[in-house]
Amino acid sequence: MTAIQQMLSTDDWKGRYAGLMAISAIGEGCHKQMSAILHKVVDRVSPFLIDQNTRARYAACNALGQM
């Protein structure tokens with residue numbers, strides 16, 4: 001999660017996109033483990049729904065959809 005945190009806090013949209021898509025992939029394959037921290041994940045991903053970049057917004061929607 002440390003690497004994902006770093007990606008989400010970057011100014012480059014590609015880093016934010018990659019971090020959000022990583023969360024999405026983790027949510028798809030590890031739903032039992034993610035359910036314990038679901039509220040934290042949703043709180044962290046939700047602000048990206050209004051990101052300045054459309055690809056980052058898409059990735060946020062995708063990540064939330066996997067949750």
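**Figure 1. D51 in the loop between helix 4 and helix 5.** In this predicted model, D51 sits in the loop that runs between helix 4 and helix 5. With a relative accessible area of 10%, D51 is buried. Setting aside neighbours up to four places away in sequence, the residues in contact with D51 are R16, A56 and R57. The side chains of D51 and R16 are joined by a polar contact of 2.8 Å.

**Figure 2. The salt bridge between D51 and R16.** Opposite charges are the theme of this view: side chains that carry them can pair when their charged atoms come close. How many salt bridges does a search of the whole structure find? The search returns 1. Its partners are D51 and R16, and their closest N and O atoms are 2.8 Å apart. This pair ties together distant parts of the chain, with D51 in the loop between helix 4 (38-45) and helix 5 (54-66) and R16 in helix 2, 35 residues apart. Is R16 buried or exposed? R16 has a relative accessible area of 5%, so this residue counts as buried.

**Figure 3. N53 and T10, two loop residues that touch R16.** Stay with R16 for a moment and look at what else meets it. N53 belongs to the loop between helix 4 and helix 5, and its relative accessibility of 17% makes it buried, because the cut-off for that class is under 20%. Beyond its neighbours within four places in sequence, N53 is in contact with W13 and R16. T10, by comparison, is placed in the loop between helix 1 and helix 2. A relative accessibility of 27% puts T10 in the partly exposed class. T10 is in contact with G15 and R16, again leaving aside neighbours within four places in sequence.

**Figure 4. The aromatic pair of W13 and Y17.** For two aromatic rings, the useful numbers are the distance of the centres and the angle of the planes. Searching the whole structure gives 1 aromatic pair. W13 and Y17 form this pair, which is edge-to-face, with 6.2 Å from centre to centre and 70° between the planes. Why edge-to-face? The angle of 70° is over 60 degrees, so the pair falls in that class. Both residues lie in helix 2 (residues 13-29), where they are 4 residues apart, about one turn of the helix. W13 is partly exposed at 24% relative accessibility, and Y17 is partly exposed as well, with a relative accessible area of 29%.

**Figure 5. The largest nonpolar core.** Which residues make up the largest nonpolar core? The core consists of 11 residues: I4, L8, L20, I23, M34, V41, V45, F48, A59, A60 and A63. At least two of these residues come from each of helix 1 (2-8), helix 2, helix 4 and helix 5. Helix 5 provides the largest share, 3 residues. One member to look at is A59, which touches Y17, L20 and M21 when residues up to four places away in sequence are not counted.

**Figure 6. I23, a core residue in helix 2.** I23 is part of helix 2 and is buried, at 6% relative accessibility. Which residues does I23 touch, not counting those up to four places away in sequence? They are I4, L8, V41, V45, A63 and M67. For A63, the C-alpha to C-alpha distance from I23 is 6.1 Å, although the two are 40 residues apart in sequence.

**Figure 7. S46 and the backbone of V42.** S46 lies in the loop between helix 4 and helix 5. A polar atom of the S46 side chain is 2.6 Å from the backbone oxygen of V42. At 30% relative accessibility, S46 counts as partly exposed. If you would like a longer ruler line in this view, try Q5: 41 residues separate it from S46 along the chain, and their C-alpha atoms are 14 Å apart.

**Figure 8. Two cysteines, C30 and C61.** How many disulfides does a search of the whole structure find? The result is 0. C30 is partly exposed, its relative accessible area being 31%. C61 is also partly exposed, with a value of 47%.

Methods
Residues numbered from 1 in each chain as written. Predicted model: local features only at pLDDT ≥ 70, side-chain atom pairs only at ≥ 80, totals over all residues. Heavy atoms only, no water. Phe/Tyr/Trp six-rings, centres within 6.5 Å; stacked < 30°, edge-to-face > 60°. Buried < 20%, exposed > 50% of the residue type's maximum accessible area, 1.4 Å probe, protein only. Disulfide = S-S within 2.5 Å. Salt bridge = Lys/Arg side-chain N within 4 Å of Asp/Glu carboxyl O. Core = buried A, V, L, I, M, F, W, Y, C linked by side-chain atoms within 4.5 Å. Contact = heavy atoms within 4.5 Å. Polar contact = N/O pair within 3.5 Å; in protein donor to acceptor, adjacent residues only side chain to side chain.
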